[in-house]
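Colleague: I am new to this structure and would like to learn how to read it; could you take me through a few features?

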Amino acid sequence: YQTNQLVELGEDDPEFLKELLAQFQKELAEQVEEFKAALKSKDKDQAKDSAHTIKGICKNIGAKKLAIMWAELQAQSESGNLDVPDTVFVQTNQEVEKVLPFLEYALGS
């Protein structure tokens, strides 16, 4: 994980970094639900857009592996393949569970 870019963004402002982490968690949860809804309704464009947004959110906090996972889902959605097995969500959730404690520790939360 690349926490140095977060620290640069926060310029040693721990409150800003805490808000950023909270915003990451909130936006990630919302976008994942939008992605799942798009899959359910077979909305290729919304699925692609949600995956793209999630990829960007992950990049912004330095979660490279998670960003790569969502880039793959974005490409899959873009190709029209909306058959995403539940195991993919288990994998992304597992990665989030790894990222959050690391970020909290690195940010001194």
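Modeller: We will go through the core, one core-facing topic and one loop residue in turn.
Modeller: This is a predicted model, in which local features need pLDDT of at least 70, side-chain atom pairs count only at pLDDT 80 or more, and totals for chains, interfaces and linings use all residues. Residues are numbered from 1 along each chain as its sequence is written, and side-chain values use heavy atoms, with hydrogens and water left out.

Colleague: Which residues touch the most other members of the largest nonpolar core?

Modeller: A nonpolar core is a set of buried Ala, Val, Leu, Ile, Met, Phe, Trp, Tyr and Cys residues joined through side-chain atoms within 4.5 Å, where buried means under 20% relative accessible area, exposed over 50% and partly exposed in between, with a 1.4 Å probe and protein chains only. Here the largest one has 27 residues, and Phe 24, Phe 35, Cys 58, Leu 66 and Trp 70 touch the most other members. Two or more residues each come from helices H2 (14-40), H3 (44-60), H4 (64-78) and H5 (86-106), with H2 giving the largest share, 7 residues; helices (H or I, at least four residues) and strands (E, at least two) are DSSP runs numbered from the N terminus.

Colleague: Is Leu 28 buried or exposed?

Modeller: Leu 28, found in helix H2, counts as buried because its relative accessibility is 7%. Leaving aside neighbours within four places in sequence, Leu 28 is in contact (heavy atoms within 4.5 Å) with Ile 54, Ile 57 and Val 96.

Colleague: What is notable about the phi of Lys 42?

Modeller: Most residues other than glycine have a negative phi. Lys 42, in the loop between H2 and H3, has a positive phi of about 60° although it is not a glycine.
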